[in-house]
Amino acid sequence: MLAAQLFRRVIKIGRLGIIDAGGAFHTFQGSPGPAVVIRLHDPALHWRFVVRPRLHLPEAYMNGTLTVEEGSLYDLIDLLALSIDALPEGQLSRLLNGSGVWLRRIHQYNPIPRAQRNVAHHYDLSDQLYELFLDSDRQYSCGYFREPGIDLETAQYDKKRHVAAKLLLRPGQKVLDIGSGWGGLALYLAREYRVDVTGLTLSAEQHAFSTKRAAAAGLADRVRFHLRDYREQSGAFDRIVSVGMFEHVGVNHYRTFFTKVRSLLTPDGVALLHSIGRMDGPGSTNPWIRKYIFPGGYAPALSEVVPVVERLRLWITDIEILRLHYAETLRAWRARFVENRDRIRTIYDERFCRMWETYLAGSEVSFRRSSLMVFQMQLAKAQEAVPLTRDYVTDWERETGPAQTDRRRGAA
């Protein structure tokens with residue numbers, strides 16, 4: 001098996017057993033760690049894993065040509081992530097950790113028509129799917145875990161409260177939500193802080209759902225949602241917030257994004273950007289994720305974002321790094337997905353379930369073992385737009401402490 005040479009060099013932690021397509025058993029042993037046995041059902045995998053392992057291995061599991069005989073899919077991904085992270089710097093490490101950096105501007109070229117298609121690929125799936133694994137407010141971004149063991153509903157409520165604290169909201173202000181999803185954050189801000197919110201999304205399903213929510217909550221006079229690209233928005237806003245959307249912008253368009261934010265923000269306005277990022281510098285999107293889950297997507301390093309903001313002379317008034325919060329969020333989503341797997345299989349099929357299991361497990365491992373994190377970047381035009389110290393965030397959260405009644409209302 002040609003792939004045996006690759007695994008022999010890669011497996012530094014744990015034990016991987018492979019039953020190849022001919023029935024032969026191979027063992028690759030590193031230092032103590034996860035133990036997994038997989039079976040290959042297609043002889044082509046013997047060489048495909050060598051050519052493009054980051055694409056063909058998850059693709060094989062999704063297609064059923066690779067099955068996990070001992071351990072779990074999560075164990076397999078965890079074992080590989082631990083071993084790859086332990087590799088010394090060199091050609092093999094560059095191959096496995098992302099050799100497509102030089103092509104990323106092509107992959108991430110997202111003019112408006114292409115951005116719309118990319119969003120539809122992921123977010124215009126069955127409405128029932130997201131209902132079966134997200135929280136009741138359909139927050140499809142990193143929760144905020146104030147302490148270990150809190151439930152997903154609480155973490156997502158606290159995320160909205162944490163975002164609101166950094167926006168320094170006052171009644172009557174105009175707020176723009178770029179990438180408004182299913183409307184949960186916009187409705188929360190309007191209801192709790194009596195602000196006027198405009199939400200933007202490129203997903204037809206999300207637009208229809210969030211518009212109905214606003215009407216049902218009696219907030220249609222203060223919250224409106226548009227099926228519109230951020231580049232098409234006009235007007236002036238006291239506050240701009242974007243949660244979980246920047247990952248779809250692409251490196252080619254960072255200057256366009258921040259130029260638009262600057263033009264829409266009032267002179268004393270405040271903006272908050274919440275995005276997945278990477279701690280190890282510029283890289284590339286996993287080719288399997290790019291092909292099947294988030295076409296055109298990319299999680300940037302801060303070193304790619306900050307220079308653009310600096311050139312536009314925006315003040316970075318605060319940056320917070322959320323490290324393991326998304327890992328805990330994904331663990332909760334994965335548990336809910338598994339719990340509802342049979343129902344999801346009736347909506348789509350077995351291949352879809354295996355694809356999404358790979359996506360959720362792989363993403364969790366990336367936040368828990370590899371380089372992914374979340375950053376919240378607060379921006380302003382004026383130095384004095386926010387207080388001198390960040391004590392106001394803690395004070396705000398204490399004054400607007402979580403309440404069970406508020407969390408239930410978030411699902412309205």
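This passage looks at one sheet and at the enclosed space in a predicted model.

The sheet first. It is an open one, built from 4 strands in the order S2-S1-S3-S4, and its pairing is mixed. At the edges sit strand S2 (25-29) and strand S4 (66-70); each has a single partner strand, so one side of each is left without a neighbour in the sheet. On average, neighbouring strands here are turned by 25° against each other, with direction ignored. Strand S1 (residues 13-19) and strand S3 (residues 31-40) run parallel and are joined by 6 bridges. One residue pair to look up in the viewer is glycine 17 with its bridge partner in S3, valine 37.

Now for the empty space. Rolling a probe the size of a water molecule over the atoms shows where such space is left. In this model the count comes to 5 cavities of 30 Å³ or more. The largest cavity holds about 470 Å³ of space, and 31 residues line it. Nearest its centre lie Gly179, Ser180, Gly181, Gly244 and Met245.

As for where that lining comes from, at least two residues each are supplied by helix H7 (112-123), strand S5 (174-178), helix H10 (184-193) and strand S6 (196-201). H7 gives the largest share, at 3 residues. In chemical terms, the lining of the largest cavity splits into 13 nonpolar, 12 polar and 6 charged residues.

Definitions and conventions:
Residues are numbered from 1 along each chain as its sequence is written. This is a predicted model: local features need pLDDT of at least 70, side-chain atom pairs count only at pLDDT 80 or more; totals for chains, interfaces and linings use all residues. Side-chain values use heavy atoms; hydrogens and water are left out. Two strands pair if DSSP finds at least two bridges between them. Axes are lines fitted to C-alpha atoms, for helices over the stretch in contact, and angles run from 0 to 180 degrees between N-to-C directions. On a 1 Å grid over the protein atoms alone, a cavity is a set of points where a 1.4 Å probe fits but cannot get out, and a pocket is an open set with protein on both sides within 12 Å along at least five of seven lines; lining residues have an atom within 4 Å of a point. Grid points are joined across faces, edges and corners, and a volume is the space filled by probe spheres set on the points. Ala, Val, Leu, Ile, Met, Phe, Trp, Tyr, Cys and Pro count as nonpolar, Asp, Glu, Lys and Arg as charged, and the others, Gly among them, as polar.
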